Amino acid sequence: MKNKVKVQQSIWINPENSKIVEIIDQRFLPHQLVIEQLKSWKDSEVAIREMQVRGAPLIGVTAAYGMYLACVEAKAHAKSDSFFLEVAITLKASRPTAVNLAWAVDRQLKLINNLKNREELISTSLKLAQQISDEEVNNSAKIGQHGLALLQPLIEKKNGEPLNILTHCNAGWLACVKHGTATAPMYAAHRAGVPVHVWVDETRPRNQGARLTAWELSQAGIPHTVIPDNTGGHLMQHGLVDCCIVGSDRTTRKGDVANKIGTYLKALAAQDNGIPFYVALPASTFDWEIRDGVKEIPIEERNSEEVKFIQGLYEKNIIKVLISPPESPAINYGFDVTPAHLVTRLITERGVCQANETSIHELFPEY
Ligand code: MRU
């Protein structure tokens, strides 16, 4: 895929038919840009579970559209309450760690429970899904601005040399409708003419870094280098990383951060080397109900085949190859938890705060 693509949004309503939701099927990037249509709530559930869409904010938005599609499908008022509840439970179970999913479904459910007129329900739930999507777009844009301000002292220290930022997984526009969370400050810096270079962790087993973040940065013309997941510590020891910025799938009241598996190891290496470790996230990624991330955040365990096989391009076809003995067992935890004490700052749409309960509460007093 040599040409720059125009699409820069990961989900939208079909302009000719508002009962169809369109997504980029992220499983085939960077080699093929495939657009898929979601025509039923079940299509949304499959898209989330099979990771056609992924990334916490986008999972939430897709689920919000899934609830809207359920409103379109709901046949009889009499049975609809249990139907919507069943849809909500199934959607929430499709990926358990990203809290944005339950947050978006519950917002729709509240609205559905208060409206009985079917036509009104359809139009109002569509509006809410679009509102949730717009909120995430605006939040990402603000995270970009706050993140850029936070980076300013580091940028000044570099005296015109590129700022080296390490990121893990994909917390870019593909994961968040537009702009991204971790990538938003990078895009903002690039737009402001600040030279940046991004170290992109490949992010095994599904390689969201090598496939998706690298693709996004390449489309945006931002200098970057893909590295094996094990390389970050070495780069940090040799002064080649100025800061880390990652996203989050769920962050607790006291600032423990669940993110893609391997994030914790980067935070440990960053602390050992005195390198700031920033986490960028919107309010929808906070789980206000819990404090202790290690004990309380459910960690998704995915199919071990994702570890044993690797996907790539071979003679113009996307293929999967086995990389371990077929009989060897493998285990595939999707996320880990970085304790708050390893997080230098949280970057949110309301500003920057420390990863502790008091500082988070100052930014979000209503929770
Ligand atoms: O399993 P994924 O690809 O959905 O995991 C995504 C991540 O871990 C991202 O870093 C996280 O969702 C933040 S996205 C803005």
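**Exercise 1.** Does F84 count as buried or exposed?

Solution. The model is a predicted one. Step one is the cut-off: a residue is buried when its relative accessible area is under 20%. Step two is the value: F84 has 3% relative accessibility, so F84 counts as buried.

**Exercise 2.** Describe the aromatic pair of F83 and F84, and say why the pair is called tilted.

Solution. Begin with the total: seven aromatic pairs are found in the structure. In the pair of F83 and F84, the ring centres are 5.4 Å apart and the planes meet at 55°. Planes under 30 degrees apart would count as stacked and those over 60 as edge-to-face. The angle of 55° therefore makes the pair of F83 and F84 tilted. As to exposure, F83 is partly exposed, at a relative accessible area of 25%, whereas F84 is buried at 3%.

**Exercise 3.** Work out the geometry of F364 and Y367, then name the cluster that F364 and Y367 belong to.

Solution. The rings of F364 and Y367 form a tilted pair, with 6.4 Å from centre to centre and 50° between the planes. F364 is buried, with a relative accessible area of 0%. Y367 is partly exposed, at 39%. Together with F286 and W288, these two residues make up one aromatic cluster. A further ring, that of F335, has K260 over its face, 4.1 Å from the ring centre.

**Exercise 4.** Lay out the sheet formed by β1, β2 and β3, and find the helix that packs on it.

Solution. The three strands form an open sheet in the order β1-β2-β3, and their pairing is antiparallel. The edges are β1 (11-13) and β3 (34-38), each of which pairs on one side only. From one strand to the next, the twist averages 30°. Helix α2 (residues 56-73) packs on this sheet and touches β1, β2 and β3. The direction of α2 makes about 25° with that of β1. Now take the pairing of β2 (residues 21-25) with β3: five bridges join these antiparallel strands. D25 is found opposite V34 of β3. The loop between β2 and β3 contains P30, and a cis peptide bond with omega of about 5° joins L29 to P30.

**Exercise 5.** Which residues of helix α10 are buried, and where do they lie around the helix?

Solution. Helix α10 covers residues 263-272, and its buried residues include T263, K266, A267, A269 and A270. Viewed down the axis of α10, the buried residues fall within an arc of 165°, so they line one face of the helix. L265 and D272, on the other side of α10, are exposed. Just after the helix comes G274, with a positive phi of about 65°.

**Exercise 6.** Locate the backbone features at N159, C169 and P205.

Solution. Take N159 to begin with: its phi is positive, about 55°, although N159 is not a glycine. N159 sits in the loop between α5 (118-158) and β4 (163-167). With a relative accessible area of 71%, N159 is exposed. Next, C169 has a positive phi near 65° and is likewise a residue other than glycine. C169 lies in the loop between β4 and α6 (173-176). At 6% relative accessibility, C169 counts as buried. Last, the peptide bond from R204 to P205 is cis, with omega near 10°. P205 belongs to the loop between β5 (196-201) and α8 (208-220).

Conventions. Residues are numbered from 1 along each chain as its sequence is written. This is a predicted model: local features need pLDDT of at least 70, side-chain atom pairs count only at pLDDT 80 or more; totals for chains, interfaces and linings use all residues. Side-chain values use heavy atoms; hydrogens and water are left out. Two strands pair if DSSP finds at least two bridges between them. Helices (H or I, at least four residues) and strands (E, at least two) are DSSP runs, numbered from the N terminus. Axes are lines fitted to C-alpha atoms, for helices over the stretch in contact, and angles run from 0 to 180 degrees between N-to-C directions. Contact means heavy atoms within 4.5 Å. Buried means under 20% relative accessible area, exposed over 50%, partly exposed in between (1.4 Å probe, protein chains only). The arc is that of the directions from the helix axis to the C-beta atoms. Rings of Phe, Tyr and Trp (its six-membered ring) pair if their centres lie within 6.5 Å; planes under 30 degrees apart count as stacked, over 60 as edge-to-face and the rest as tilted. A charge sits over a ring if NZ of Lys or CZ of Arg is within 6 Å of the ring centre and within 35 degrees of the ring normal.
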